[in-house]
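Student: I am new to this structure, and I would like a close look at its packed interior. Please start with the overall picture and finish with a few places away from the middle.

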Amino acid sequence: LKRPRFLFFTDTACFSYLIQMSKEKGIISVDFQHAIQSGQNILYRHNPELIDKYRNFIPDHTLTFGDYWNKYFSKVYSTQSIGNSYHELLLSKHKDIKQIPNTITIISDGEMARDPLEKLALGIVEKIPNVRIYYKLRQDEFPYWKDLYSKEIQETDGITFVSNNNKNLYYYLKLSEYVIGINSTALIEALPLSNVLIYETGWFVEFMDFIESGHVLSAPNVEGIVEIIKDKRTPKRYLRIEEIFKSKAASNLESFVKKLNKKKSR
């Protein structure tokens with residue numbers, strides 16, 4: 001602990017000073033990708049004129065989920081695709097869960113998206129018979145969700161709020177014919193498991209590349225979402241999952257650390 005060789009972390013725009021100090025101490029800093037990237041995140045998109053001044057606050061290495069994401073990082077970043085061990089672990093744990101037709105998971109995206117997603121859920125239940133919706137709440141909503149959502153949606157048959165982690169998120173992703181949301185990393189995690197459907201409102205622009213390529217489905221209103229579900233449409237899936245989540249993440253990480261350690265020891 002007194003003389004570390006490496007510093008591994010997930011940057012939330014709060015690590016700049018820690019990165020600077022690691023460079024001063026000769027410690028190699030490594031940032032793990034932790035969320036969807038789209039070129040919109042200013043943390044990884046720097047003005048070229050400021051790079052020299054900012055270089056001491058940029059990690060030595062950035063590990064990404066897969067090759068697809070590397071293009072969204074400024075060239076100043078040393079990116080390497082490594083995968084996501086957590087994703088692989090949960091895929092394996094839930095491989096025996098069978099998808100159930102007419103089952104939908106809606107991914108909550110916090111306060112700004114709460115009203116449109118609530119109206120969407122009510123609209124789907126009203127217009128599609130025998131549909132079952134699991135409304136997966138955010139962790140911070142768990143204690144207060146009954147105060148945050150209307151009595152109407154709480155009392156509507158066909159909608160179940162998931163307000164705990166008794167069953168992992170991946171259980172619901174695998175169970176569902178469609179996974180719907182506006183902007184969440186969970187929608188990326190759902191790509192190998194279900195048909196992802198983006199509601200084009202709020203901060204959905206993070207998914208524009210996926211939408212325009214047809215890798216996910218999308219619609220700008222409740223009617224459009226309902227029509228997609230009724231028609232049983234599926235996305236084109238032009239990307240291999242290997243490009244989004246590189247496989248064998250644990251062994252990739254082990255190889256990466258060994259190379260770093262060897263280089264550090266010279």
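Tutor: Here is a walk from the whole chain to its interior, and then out to a pocket and two loops.

This is a predicted model, in which local features need pLDDT of at least 70 and side-chain atom pairs count only at pLDDT 80 or more, while totals for chains, interfaces and linings use all residues. Residues are numbered from 1 along each chain as its sequence is written, and side-chain values use heavy atoms, with hydrogens and water left out.

Let's begin with the whole. The protein chain has 12 helices and 10 strands, which are DSSP runs numbered from the N terminus (H or I of at least four residues for helices, E of at least two for strands). Along the principal axes, its C-alpha atoms fill a box of roughly 65 × 35 × 35 Å. Of the 266 residues, 48% count as buried; that term means under 20% relative accessible area, whereas exposed means over 50% and partly exposed lies in between (1.4 Å probe, protein chains only). Among the contacts with a separation of 6 or more, 63% come from residues 24 or more positions apart; a contact means heavy atoms within 4.5 Å.

Now the interior itself. The largest nonpolar core has 59 residues, and Ile124, Tyr135, Ile180 and Phe210 touch the most other members. Helix α4 (residues 111-127) gives the most to this core, with seven residues. Apart from the largest core lies another one, of seven residues, among them Val30, Leu63, Ile82 and Phe256. A core of this kind is a set of buried Ala, Val, Leu, Ile, Met, Phe, Trp, Tyr and Cys residues joined through side-chain atoms within 4.5 Å.

Isoleucine 180 is a good residue to click on. Beyond its neighbours within four places in sequence, isoleucine 180 is in contact with ten residues' worth of names you can look up, including Ile104, Ile107, Leu120, Ile124, Leu197 and Ile229.

Aromatic rings are worth a look as well. A search of the whole structure finds 21 aromatic pairs. In one of them, phenylalanine 9 and phenylalanine 15 are stacked, at 4.9 Å centre to centre with 10° between the planes. Rings of Phe, Tyr and Trp (its six-membered ring) pair if their centres lie within 6.5 Å, and planes under 30 degrees apart count as stacked, over 60 as edge-to-face and the rest as tilted. Phenylalanine 9 is buried, because its relative accessible area is 6%. Tryptophan 145 and phenylalanine 161 also stack, at 4.6 Å centre to centre and 25° between the planes. This pair links distant parts of the chain, with tryptophan 145 in helix α5 (residues 145-148) and phenylalanine 161 in strand β7 (residues 159-162), 16 residues apart. Both partners are buried: tryptophan 145 has a relative accessible area of 13%, and phenylalanine 161 has 11%. Elsewhere, Phe65, Tyr68, Trp69, Tyr72, Phe207, Phe210 and Phe245 form one aromatic cluster; Phe210 is also among the residues that touch the most other members of the largest core.

Polar side chains are found inside too. Serine 29, in strand β2 (residues 28-32), is buried because its relative accessible area is 0%. Away from its sequence neighbours within four places, serine 29 is in contact with Leu7, Phe9, Ile19, Ser22, Pro59, Asp60 and His61. Asparagine 195 lies in strand β9 (residues 195-199) and counts as buried, at 10% relative accessibility. Not counting residues up to four places away, asparagine 195 touches Glu177, Tyr178, Val179, Thr234, Pro235 and Arg237.

That last contact leads us outward. Arginine 237 is found in the loop between α10 (222-231) and α11 (241-244), and is partly exposed, with a relative accessible area of 37%. Its phi is near 55°, a positive value in a residue other than glycine. Lysine 248, in the loop between α11 and α12 (249-265), likewise has a positive phi, near 60°. Lysine 248 is exposed, with a relative accessible area of 59%. Most residues other than glycine have a negative phi.

Finally, the largest pocket is lined by 17 residues, of which Lys136, Leu137, Leu169, Ala186 and Glu189 lie nearest its centre. The elements giving two or more residues to this lining are α7 (169-175) and α8 (185-189). On a 1 Å grid over the protein atoms alone, a pocket is an open set of points where a 1.4 Å probe fits, with protein on both sides within 12 Å along at least five of seven lines, and lining residues have an atom within 4 Å of a point.
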